[in-house]
Amino acid sequence: MTGPLILGIESSCDETGVGIVRGHELLANEVASSVEEHVRFGGVVPEVASRAHLEAMVPTLERACAAADVDLTELDGIAVTAGPGLMGALVVGLASAKALALALNEPLYGVNHLAGHVAVDLLEHGPLPSPCVALLVSGGHTSLLHIPDVATSITELGSTIDDAAGEAYDKVARVLGLPYPGGPVIDRAATGDPKAIAFPRGLTAAKDAERHRFDFSFSGLKTAVARWVEARERDGEDVPLADVAASFQEAVCDVLTAKAVDACLATETRSLLIGGGVAANSRLRSLLAERTAADGIELRTPRPGLCTDNGAMIAVLGSEVVTAGRPPSALDIGADSSLPVGRILV
Ligand code: KG4
Ligand code: ZN
């Protein structure tokens, strides 16, 4: 395997990730997570995440170099998440990458986190079909993207207008008295009847088709679950956890899969890729497999360790950007917490 030797740094949320790739070959993917430090707050605390990145950055970098058996001086470039994400957290990764680039006299590539979630699939399933559609679902983002070329051209077809899919899982878990992060817990608890309670499917009404065909909304669903649970408790009745979890999960997965398949059909795209923490969800995977097969769409699902935030996804995006012949970033680029997905390279 050939290609540029790129180090990637990710620090947009609560994972400090350092990955090393050579072209499409994964050499190291070291991640230090601060998730345990956020559990008692029921969600990521930005200041806590930033401090954790600061402490984890150098040890994670050292572990990645050791795992890949690579010396920093051999690198062809340093890629780093420039956004979107938590400002304080992004700044730690960006400052680290700039320091390395300057000290080693190597080019810096400030890249888009969302594009990284797409590019990571290259490491597992080889070159991306052109075009492909990606469904990105995590605690921080829920988007449908149309991708002619991950290094040069991405368009957002739609995104959430309120809560992200993972955020809805985390908030509903809290309503049900379950721990953070709620996604995996609800996934396991959802053993009941998915049709037991008819929870709302956001932005799927005929009137939404024109303006919000590929957008999502999960805030109404979260409120509907909370109201339903409150009503049962008020009446002194038990809350049937397995049925509530299954019905909530079905509502989320039904909307995600229907819109993802619709996006493929509308753009005449034959490949669908999924990424982000929620892509680990068992019902999302089975329903997507069913619905994509019915329409003859190829489904690409990176393994869970590559779906969640990591440095390898940033490294491989950097490698694609270098291979596409794009010029490096300036050393004075800033972090952009709301970097639009169309800006792949800053
Ligand atoms: O991508 P990720 O690790 O971090 C970011 O938010 O960027 O995603 C974390 C989110 C959390 O909201 C978590 O509850 C959700 O992914 N999640 C799941 C599952 N595993 C993680 N949601 C549903 N089902 C799962 N199995
Ligand atoms: Zn992410």
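Helices, each a run of at least four residues, and strands, each a run of at least two, are assigned by DSSP and numbered from the N terminus; these labels are used in the legends below, which describe a predicted model.

**View 1. Helices H6 and H7 contribute to the shell around ligand 1.** Helix H6, which spans residues 165-175, and helix H7, which spans residues 182-189, each supply at least two residues of this shell. The largest share, four residues, comes from H7. When the shell residues are sorted by type, five are nonpolar, 10 are polar and three are charged. Ligand 1 itself sits in the largest pocket.

**View 2. Ligand 1 is shown with the residues that come nearest to it.** There are 18 residues around ligand 1, and those that come nearest are Gly 139, Asp 170, Gly 183, Gly 277 and Asn 281. Two of the contacts involve the protein backbone: a backbone N or O atom of Gly 183 lies 2.9 Å from an oxygen atom of the ligand, and a polar backbone atom of Gly 277 is likewise 2.9 Å from an oxygen atom of ligand 1. A side chain takes part as well, since an N or O atom in the side chain of Asp 309 is 3.0 Å from an oxygen atom of ligand 1. On its own, ligand 1 has 550 Å² of accessible area, and the protein covers 87% of that area.

**View 3. The zinc ion (ligand 2) is coordinated by two histidines and an aspartate.** The donor atoms are NE2 of His 113, NE2 of His 117 and an OD atom of Asp 309, and they lie at 2.1 to 2.2 Å from the zinc ion. Along the sequence, the donor residues follow the spacing H-x3-H-x191-D. Because His 113 and His 117 are four residues apart in helix H4, which runs through residues 113-119, about one helical turn separates them.

**View 4. Cis peptide bonds precede Pro 84 and Pro 131.** Most peptide bonds are trans. The bond that joins Gly 83 and Pro 84, however, is cis, with an omega of about -10 degrees, and Pro 84 lies in the loop between strand E4 (77-83) and helix H3 (87-104). The bond from Ser 130 to Pro 131 is also cis, with omega near -5 degrees, and Pro 131 is found in the loop between helix H5 (121-125) and strand E6 (132-137).

**View 5. Asp 69 has a positive phi.** Most residues other than glycine have a negative phi. For Asp 69, by contrast, phi is near 55 degrees, and this residue lies in the loop that runs between helix H2 (46-68) and strand E4.

Technical notes
Residues are numbered from 1 along each chain as its sequence is written. Chains are lettered from A and ligands numbered from 1 in the order in which they are written. This is a predicted model: local features need pLDDT of at least 70, side-chain atom pairs count only at pLDDT 80 or more; totals for chains, interfaces and linings use all residues. Side-chain values use heavy atoms; hydrogens and water are left out. A residue is near a molecule or strand if one of its heavy atoms lies within 4 Å of it. A polar contact is a pair of N or O atoms within 3.5 Å; within protein, one must be able to donate a hydrogen and the other to accept it, and residues adjacent in sequence count only if both atoms are side-chain atoms. Accessible areas come from the Shrake-Rupley method with a 1.4 Å probe; for residues, only the protein chains shown count as cover. On a 1 Å grid over the protein atoms alone, a cavity is a set of points where a 1.4 Å probe fits but cannot get out, and a pocket is an open set with protein on both sides within 12 Å along at least five of seven lines; lining residues have an atom within 4 Å of a point. A molecule sits in a cavity or pocket if more than half of its atoms lie within 2 Å of its grid points. Ala, Val, Leu, Ile, Met, Phe, Trp, Tyr, Cys and Pro count as nonpolar, Asp, Glu, Lys and Arg as charged, and the others, Gly among them, as polar. Donors are N, O and S atoms within 2.8 Å of the metal (3.2 Å for Na, K and Ca); water is not among the atoms, so sites may look incomplete.
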